[in-house]
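Please look through the sequence and the structure shown here before reading on. The paragraphs that follow lead from one part of the fold to the next, and it helps to find each residue in the picture as it is named.

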Amino acid sequence: MDADEQRGLYHMRIYCLGMSRTGTTTFTDYLANYGLNVIHYPSQMQLMGGAGDGASDIPVIPVYKDLDKMFRDAKFVYLTRENWVDAVEPYFLRKTGRNYGSATTVLREQVYGSVLWDRQKYGDAYKRHDYDVREYFMGRDNFLEMDLVGGESPQRLNDFLGLPDWGLDFPKSNSREKTWNK
């Protein structure tokens, strides 16, 4: 069986705990190469109903402990990013003035402490999330921390998930720059 025939043979439950701009779209797109349907920015119904093979982006953050209890075989990947607050500031400033639905508004308030960009609040939210995730998963074998934006190899993710190495690179989805390491 060649690589194209093997795609889609994998089924597992994977939740990505990365905040905005940590590579959540890249993570989701990479796993799609293996036929995994990890839903990027799922609705609450998709998330709590167990749709797909898992989920990524900030809807996962407020409920990851519940998901861990609901899906005991789930694996959790925490995406980090050096200088996160500096990286997300232009992203959120570009979104100033947009009208968001109530679900997005509630989610941003819940995760970041503010719907609108606030460097201090968002930075504190990242630090809190970082501490909470590391504390919660300390010593657990269903947890992996990665810095995709910083250039980590897909091999660590493949090994953690038990996926074969097909020589694929992370696709750098949703990136404004040609390379992440700037």
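In this predicted model, a good place to begin is strand E4, which pairs with strand E5 (residues 143-146) in the parallel sense over 4 bridges. Within this pairing, Tyr78 has Glu145 of E5 as its bridge partner. Strand E4 is also joined to strand E1 (residues 14-16), and here 3 bridges connect the two strands, which run parallel. The bridge partner of Tyr15, to take one position, is Phe76 in E4. Strand E4 itself spans residues 75-79 and is mostly covered, since 4 of its 5 residues are buried.

From these strands we can turn to helix H8, because what covers the buried residues of this helix includes E1, helix H2 (24-32), E4 and E5. Which residues of helix H8 (residues 154-161) are buried? They are Pro154, Leu157, Asn158, Phe160 and Leu161. These residues cover an arc of only 165° around the axis, and therefore they lie on the same side of H8. At the N-terminal end of H8, Ser153 acts as a cap, with a side-chain oxygen 3.0 Å from the backbone nitrogen of Gln155. Just after H8 comes Gly162, which takes a positive phi of about 75°.

The next thing to follow is charge. Side chains of opposite charge can pair when their charged atoms come close. The structure holds 6 salt bridges, and three of them are described here, beginning with the one that Arg140 forms with Asp68, where the closest N and O atoms are 2.8 Å apart. This pair links distant parts of the chain, for Arg140 lies in the loop between helix H7 (119-137) and E5, while Asp68 belongs to helix H4, 72 residues apart. The two partners can also be described by their accessibility: Arg140 is partly exposed, with a relative accessible area of 29%, whereas Asp68, at 2% relative accessibility, counts as buried.

A further salt bridge brings together the side chains of Asp86 and Arg119, at 2.4 Å from N to O. It too links distant parts of the chain, with Asp86 in helix H5 (residues 84-94) and Arg119 in helix H7, 33 residues apart. Asp86 counts as partly exposed at 41% relative accessibility, and Arg119 is likewise partly exposed, with a relative accessible area of 37%. Asp86 and Arg119 also belong, together with Glu89, to a network of salt bridges.

In helix H7 there is a salt bridge between the side chains of Asp130 and Arg134, 2.8 Å from N to O. Why can this pair be followed along the helix? Asp130 and Arg134 are 4 residues apart in helix H7, so they are separated by about one helical turn. Of these two residues, Asp130 is buried, with a relative accessible area of 18%, a value that falls under the 20% cut-off for that word, while Arg134 is partly exposed at 36%.

Some charged residues, however, are buried without such a partner. Asp57 lies in the loop between strand E3 (54-56) and helix H4 (64-70), and although Asp57 is buried, it has no salt bridge, the nearest side chain of opposite charge being Arg21, 8.1 Å away. What does the side chain of Asp57 make a polar contact with? The partner is the side chain of His40, at 2.9 Å. Leaving aside neighbours within four places in sequence, the residues in contact with Asp57 are Cys16, Gly18, Ser20, Thr24, His40 and Tyr41.

Arg108, found in helix H6 (residues 102-112), is another buried residue that has no salt bridge, and its nearest side chain of opposite charge is Asp57, 8.4 Å away. Apart from its neighbours within four places in sequence, Arg108 is in contact with several residues, among them Phe92, Lys95, Tyr100 and Tyr122.

The last stop is Gln44, whose place is in helix H3 (residues 44-49). At 48% relative accessibility, Gln44 counts as partly exposed. Leaving aside neighbours within four places in sequence, Gln44 is in contact with Gly49 and Val63. Gln44 and Trp117 are 73 residues apart in sequence, and in space they are 23 Å apart, C-alpha to C-alpha.

Note on methods. Residues are numbered from 1 along each chain as its sequence is written. This is a predicted model: local features need pLDDT of at least 70, side-chain atom pairs count only at pLDDT 80 or more; totals for chains, interfaces and linings use all residues. Side-chain values use heavy atoms; hydrogens and water are left out. Buried means under 20% relative accessible area, exposed over 50%, partly exposed in between (1.4 Å probe, protein chains only). Lys and Arg count as positive and Asp and Glu as negative; His and the chain ends are not counted. A salt bridge is a side-chain nitrogen of Lys or Arg within 4 Å of a carboxyl oxygen of Asp or Glu. A polar contact is a pair of N or O atoms within 3.5 Å; within protein, one must be able to donate a hydrogen and the other to accept it, and residues adjacent in sequence count only if both atoms are side-chain atoms. Contact means heavy atoms within 4.5 Å. Two strands pair if DSSP finds at least two bridges between them. The arc is that of the directions from the helix axis to the C-beta atoms.
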